[in-house]
Amino acid sequence: MSDSPAPAPAPVPGGTVAEPSGVLACPACGEPSPEGARFCEACGTPLAPLPTATGSDAGTGAAADLATDAATDPAAAGTGDGGPGSDDQTAAGTTEPSGEASAETDGDGTESGARPCVRCGGRVAEDGYCTECGEPAASERDHWAERPASWVAGVCDRGVRHSRNEDAMALAASPSATAERAFAALVVCDGVSSAPDSDVASLAAARAARDVLAARGPDGPDPVTGEASARMGAWSALLGDASRAAQDAILATVGTMADRENPPSCTFVAAVLDGPLVVAGWVGDSRAYWIPDDGDAHQLSVDDSWAQEMIAQGVPRAQAETSPQAHAITRWLGPDAPDPVARTAATLPDRDGWLLVCSDGLWNYCSPAADLAALVRSTQDRVGDDPQVLAGALVDWANAQGGRDNITATLARFSRASSATPPPPPADPATA
């Protein structure tokens with residue numbers, strides 16, 4: 001939270017803040033919506049009469065939906081993993097959302113690239129809803145997957161209640177989990193739902209951070225070298241660089257939107273697995289967990305949030321995390337960010353397991369590390385150890401609990417075969 005004399009409300013990924021002037025409260029569910037919104041983003045209730053469509057306001061605009069490279073083809077707007085209309089492919093062939101909008105103009109002044117509603121064929125307005133049937137527009141951003149290697153994958157989903165997916169992820173990995181220096185970088189950014197166009201911020205931030213980290217991996221152009229202890233310090237510094245790069249990418253991407261009262265913003269969490277090392281960095285309340293196949297799991301990150309401050313003061317976790325202010329974050333990325341540099345923590349796993357990096361759409365329903373580990377293990381017993389299938393099952397589980405927020409789950413499989421020497425026990429994240 002800013003220390004300015006009249007601070008703005010803290011951004012809340014997937015949650016709410018005190019309503020500033022110009023923000024409407026939904027008459028059905030009470031969720032706030034930004035000025036100009038025609039439908040509640042939480043439940044879809046109309047907030048104002050639909051205007052008559054004219055040539056001057058036809059089209060979605062560049063910021064209405066990032067993933068619209070194939071917007072003119074309704075078949076390309078499906079919600080299957082990867083989104084078939086994207087131009088961006090990962091190493092394993094799964095698809096990233098494009099990050100660009102199509103907005104070519106016909107001679108009559110309307111946008112030929114405006115995406116039609118896949119349900120009724122009507123026009124999708126700038127707020128992401130169809131002006132004819134009122135349904136939220138389907139987007140390749142609604143549900144997508146990345147799999148840069150067989151042992152690393154992630155799934156990002158809109159959830160049940162939100163009209164669009166403001167989460168983003170970006171992954172990089174070496175081909176093998178059992179190489180001498182297996183490498184993976186997992187980045188998750190959760191757009192602040194009370195700030196319009198935060199999906200723009202989250203995607204730009206995630207990709208910029210991933211690129212910084214991937215460049216320093218063993219196969220990158222400028223690899224981190226040295227013994228494990230030296231690499232641990234190097235990765236801690238690089239995670240700070242990655243969060244700065246994410247911040248710079250947001251500022252470059254949002255342009256004049258930075259001048260808004262609530263500019264596009266997001267949380268940030270990234271984790272690097274480099275041989276026997278796991279190093280995490282974060283800004284906000286998206287999380288990184290180390291989950292061994294047996295033994296105690298650890299939350300590597302420590303939330304920058306009101307709830308975490310209450311927990312630090314002795315309030316029980318369950319009480320703090322279910323309070324109305326629980327998801328008010330104290331640090332974030334964006335034009336009004338008070339401190340965009342990631343804090344870091346590291347561990348040296350001593351057994352096989354999973355590195356899990358996720359948004360609060362997952363951990364909201366299963367916050368303590370022990371509980372989340374039990375969920376991951378039981379889900380793995382049911383669906384197997386393919387990381388994309390497992391991540392998808394975790395997303396499905398969160399949706400089954402209510403899916404109130406966007407959900408992202410990314411996983412990297414840690415194998416002791418990638419560690420040349422037995423490391424010490426995992427560090428306590430509270431003291432790392």
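**Exercise 1. Determine whether S198 is buried or exposed, and describe its surroundings.**

Solution. S198 has a relative accessibility of 0% and therefore counts as buried, where buried means under 20% relative accessible area, exposed over 50%, and partly exposed in between (1.4 Å probe, protein chains only). The model is predicted: local features need pLDDT of at least 70, side-chain atom pairs count only at pLDDT 80 or more, and totals for chains, interfaces and linings use all residues. Residues are numbered from 1 along each chain as its sequence is written, and side-chain values use heavy atoms, with hydrogens and water left out.

Next, locate the residue: S198 lies in helix α1 (residues 198-215). Helices (H or I, at least four residues) and strands (E, at least two) are DSSP runs, numbered from the N terminus. Finally, list the contacts (heavy atoms within 4.5 Å): when neighbours within four places in sequence are set aside, S198 touches E166, G191, V192, P264 and S265.

**Exercise 2. Determine which class of accessibility applies to A228, and what A228 touches.**

Solution. The relative accessibility of A228 is 24%, so A228 counts as partly exposed. This residue belongs to helix α2 (residues 228-254). Not counting residues up to four places away in sequence, A228 is in contact with P276 and L277. A C-alpha separation of 8.7 Å is found between A228 and D274, which are 46 residues apart along the chain.

**Exercise 3. Establish the strand order of the six-stranded open sheet and identify the helix α6 that packs on the sheet.**

Solution. The order is β5-β6-β15-β14-β11-β12, with antiparallel pairing; two strands pair if DSSP finds at least two bridges between them. At the edges stand β5 (143-149) and β12 (298-299), each with a single partner strand, so one side of each has no neighbour in the sheet. Helix α6 (residues 369-383) packs on the sheet and touches β11 (287-292), β12, β14 (353-358) and β15. The direction of α6 makes about 60 degrees with that of β11; axes are lines fitted to C-alpha atoms, for helices over the stretch in contact, and angles run from 0 to 180 degrees between N-to-C directions.

Within the sheet, β6 (residues 152-157) and β15 (residues 407-414) pair in the antiparallel sense over six bridges. V152 stands opposite A412 in β15.

**Exercise 4. State how many helices and strands the chain has, and what share of its residues is buried.**

Solution. The chain has seven helices and 15 strands. Of its 432 residues, 56% count as buried.
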